[in-house]
Amino acid sequence: VTGASFVVFNGALKTSSGVLAKSSIVEDGLMVQITRETMEGLRQALRDKKDFRITCGQVDTGDVKEHVDICWVENEEKTNKG
């Protein structure tokens, strides 16, 4: 679990790169590089206020090590107040 001050979603990752998505720490935030198709799904999930999971890692390997989860919460008291 990583806490971040901000999140940047970059929808310019090419499908031909062989990567589902990439995440990296940038300053005190998180940058998530995703494909155009994943960006469209993320935008729709945000409009619909639905949870969304981005799987990071290589396309051809079954060894997924990271997920970026965007979750809507009912009770904000349990979230980061900073």
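Two strands pair if DSSP finds at least two bridges between them, and I'd like us to keep that in mind from the start. Thanks for coming, everyone. What we have on screen is a predicted model, so please hear everything I say in that light.

With that rule in hand, let's go straight to a bridge. Which residue of β3 is the bridge partner of I25? In β3, I25 is matched with L30. That bridge belongs to the pairing of strand β2, residues 19-26, with β3, where the two run antiparallel and six bridges join them.

Now let me step back to the whole chain. There are five strands and one helix, and from the N terminus the order reads β-β-β-α-β-β. The chain has 82 residues, and 20% of them are buried. Among the contacts with a separation of 6 or more, 38% come from residues 24 or more positions apart. For the surface, the accessible area is about 6,400 Å², and carbon and sulfur atoms hold 48% of that.

Let's stay with β3 for a moment, since it has a second partner to show you. It covers residues 29-35, and five of its seven residues are buried, so "mostly covered" is a fair description by the under-20% cut-off. Strand β1, residues 7-13, pairs with β3 over five bridges, this time in the parallel sense. If you'd like one spot to look at there, find L13, which stands opposite T35 of β3.

On the β2 side, have a look at S24, which sits in strand β2. Is S24 buried, exposed or partly exposed? Its relative accessible area is 33%, so S24 is partly exposed. Setting aside residues up to four places away in sequence, S24 touches G29, L30 and M31.

Between β2 and β3 there is a hairpin with two residues between the strands. E27 lies in that loop, and I'd like you to notice its backbone: phi is positive, about 55°, although E27 is not a glycine. As for its surroundings, E27 has 75% relative accessibility, so it counts as exposed.

On to the helix. Helix α1 takes in residues 36-48, 13 residues in all, and reaches 18 Å from its first C-alpha to its last, close to the 18 Å expected at 1.5 Å a residue. Which residues of α1 are buried? They are M39, L42 and A45. Looking down the axis of α1, those buried residues fall within an arc of 125°, so they line one face of the helix. As a reminder of the geometry behind that, an α-helix has 3.6 residues a turn, so residues three or four places apart point the same way. On the other side of α1 you'll find R36, E37 and R47, which are exposed.

What sits over the buried face? The cover on the buried residues of α1 includes β1, β3, β4 (52-58) and β5 (66-70). Take M39 as an example: leaving out neighbours within four places in sequence, M39 is in contact with F9, N10, G11 and I34.

That brings us to the largest nonpolar core, which has twelve residues. Among them are A21, L30, V32 and I34, then M39, L42 and A45, and further along F52, I54, C56, V68 and I70. The elements giving two or more residues to this core are β3, α1, β4 and β5. The general background will be familiar: in soluble globular proteins, nonpolar side chains tend to be buried together.

One core member deserves a closer look, and that is C56, in strand β4. At 5% relative accessibility, C56 counts as buried. C56 and Q33 are 23 residues apart in sequence, with their C-alpha atoms 9.1 Å apart in space.

Last stop: the loop between α1 and β4, which is the place of K49. What is the phi of K49? It is near 55°, a positive value in a residue other than glycine. K49 is also exposed, with 59% relative accessibility.

So, to recap what I'd like you to take from this predicted model: β3 pairs with β1 in the parallel sense and runs antiparallel to β2. M39, L42 and A45 are the buried residues of α1, and they are also part of the largest nonpolar core. Thanks, and I'm happy to rotate the structure for anyone who wants another view.

Methods:
Residues are numbered from 1 along each chain as its sequence is written. This is a predicted model: local features need pLDDT of at least 70, side-chain atom pairs count only at pLDDT 80 or more; totals for chains, interfaces and linings use all residues. Side-chain values use heavy atoms; hydrogens and water are left out. Buried means under 20% relative accessible area, exposed over 50%, partly exposed in between (1.4 Å probe, protein chains only). Helices (H or I, at least four residues) and strands (E, at least two) are DSSP runs, numbered from the N terminus. The expected span of a helix is 1.5 Å times one less than its number of residues. The arc is that of the directions from the helix axis to the C-beta atoms. Contact means heavy atoms within 4.5 Å. A nonpolar core is a set of buried Ala, Val, Leu, Ile, Met, Phe, Trp, Tyr and Cys residues joined through side-chain atoms within 4.5 Å. Accessible areas come from the Shrake-Rupley method with a 1.4 Å probe; for residues, only the protein chains shown count as cover.
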